[in-house]
Amino acid sequence: MQSDFLPNFILCNTTQRFVRSSKVPPTQKPSVPSAKPSFYCGTQDLNAAHQSFARLHSGFFGIPHLFSIVKLLGSRSLPWLIRALLDHISNKITTLEPMISGLQEAMPKSIGLLSFDGGVT
């Protein structure tokens, strides 16, 4: 979550899903080892059905994935995940704080509005 999801995904407000940012190159993951079809879902037909179902939930991070994480971790471990994510975000904000202060000092104290008659220029 800290090394892939937080830095590389953005919220699409229309679909309410997190999608991978186009500005970040995809992460290199190890290839999936090949095995006989009977080791996956039983038969090639069942494997194809599972792949078509899994394709519906690929390419984004949304509510189905959150439900899976809660089911996998259980309700007792979920607060630890949230605490770790909040600590990670807090550390990122702490490292950005001096830069933001520097930008605030460099900006003019007041910016006057241009006259209405000024036009585009």
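Q: Under what relative accessible area does a residue count as buried, and what do exposed and partly exposed mean?
A: Buried means under 20% relative accessible area, exposed means over 50%, and partly exposed is what lies in between. The model is predicted. Arg83, with a relative accessible area of 48%, is therefore partly exposed. Asp87 is partly exposed as well, because its value is 35%.

Q: With which residue does Arg83 form a salt bridge?
A: The partner is Asp87, and the closest N and O atoms of the pair are 3.1 Å apart. That distance fits the rule, which asks for a side-chain nitrogen of Lys or Arg within 4 Å of a carboxyl oxygen of Asp or Glu. The count by this rule comes to 1 salt bridge.

Q: Where do Arg83 and Asp87 lie relative to each other in helix α4?
A: They are 4 residues apart in helix α4, so about one helical turn separates them.

Q: His88 is also in helix α4; is His88 buried or exposed?
A: His88 counts as buried, because its relative accessibility is 18%. Leaving aside residues up to four places away in sequence, His88 touches Gln2 and Leu6.

Q: Which residues form the nonpolar patch on the surface?
A: Leu6, Ile89 and Ile93 form the patch, and together they have about 240 Å² of accessible area. Leu6 thus appears twice in this account, as a member of the patch and as a contact of His88. Ile93 belongs to helix α4, which spans residues 78-106. At 52% relative accessibility, Ile93 counts as exposed because the cut-off is 50%.

Q: How many helices and strands are there in the protein chain?
A: The protein chain has 4 helices and 3 strands. Read from the N terminus, the elements follow the pattern α-β-β-α-β-α-α.

Q: In what order do the strands of the sheet run?
A: The sheet is open, its order is β1-β2-β3, and its pairing is antiparallel. Strands β1 and β3 are the edges, each pairing on one side only; β3 covers residues 60-61.

Q: Over how many bridges do strand β1 and strand β2 pair?
A: Strand β1 (residues 9-12) and strand β2 (residues 17-20) are joined over 4 bridges in the antiparallel sense. In this pairing Cys12 faces Arg17 of β2.

Q: Over how many bridges do β2 and β3 pair?
A: These two pair over 2 bridges, again in the antiparallel sense. Val19 has Phe60 in β3 as its bridge partner, and Phe18 stands opposite Phe61 in β3.

Q: How many residues lie between β1 and β2 in the hairpin?
A: The turn of the hairpin has 4 residues between the strands, and Gln16 is one of the residues in the turn. Most residues other than glycine have a negative phi. Gln16 departs from this pattern: its phi is positive, about 55 degrees, although Gln16 is not a glycine. Gln16 is in the loop that links β1 and β2.

Q: Ser21 has its place in the loop between β2 and α2; is Ser21 buried or exposed?
A: Ser21 counts as buried, because its relative accessibility is 13%. The loop in question leads to α2, which covers residues 44-56. With residues up to four places away in sequence left out, Ser21 touches Asn8, Phe9 and Ile10.

Q: What radius of gyration does the protein chain have, and what would a compact globule have?
A: The protein chain has 23 Å, whereas a compact globule of 121 residues would have a value near 14 Å. Along the principal axes, the C-alpha atoms fill a box of roughly 75 × 40 × 25 Å.

Q: What share of the residues of the protein chain count as buried?
A: Of the 121 residues, 10% count as buried. Ser21 and His88 are among those that meet the buried criterion. The accessible surface comes to about 10800 Å², and carbon and sulfur atoms hold 64% of that area.

Q: What part of the contacts with a separation of 6 or more comes from residues 24 or more positions apart?
A: Such pairs account for 35% of those contacts in the protein chain.

How values were computed
Residues are numbered from 1 along each chain as its sequence is written. This is a predicted model: local features need pLDDT of at least 70, side-chain atom pairs count only at pLDDT 80 or more; totals for chains, interfaces and linings use all residues. Side-chain values use heavy atoms; hydrogens and water are left out. Patches are made of residues with over 30% relative accessible area and no salt bridge: like charges are joined within 9 Å, nonpolar side chains (Val, Leu, Ile, Met, Phe, Trp, Tyr) within 5 Å. Accessible areas come from the Shrake-Rupley method with a 1.4 Å probe; for residues, only the protein chains shown count as cover. Buried means under 20% relative accessible area, exposed over 50%, partly exposed in between (1.4 Å probe, protein chains only). Two strands pair if DSSP finds at least two bridges between them. The radius of gyration is taken over C-alpha atoms; the globule rule is 2.2 Å times the number of residues to the power 0.38. Contact means heavy atoms within 4.5 Å.
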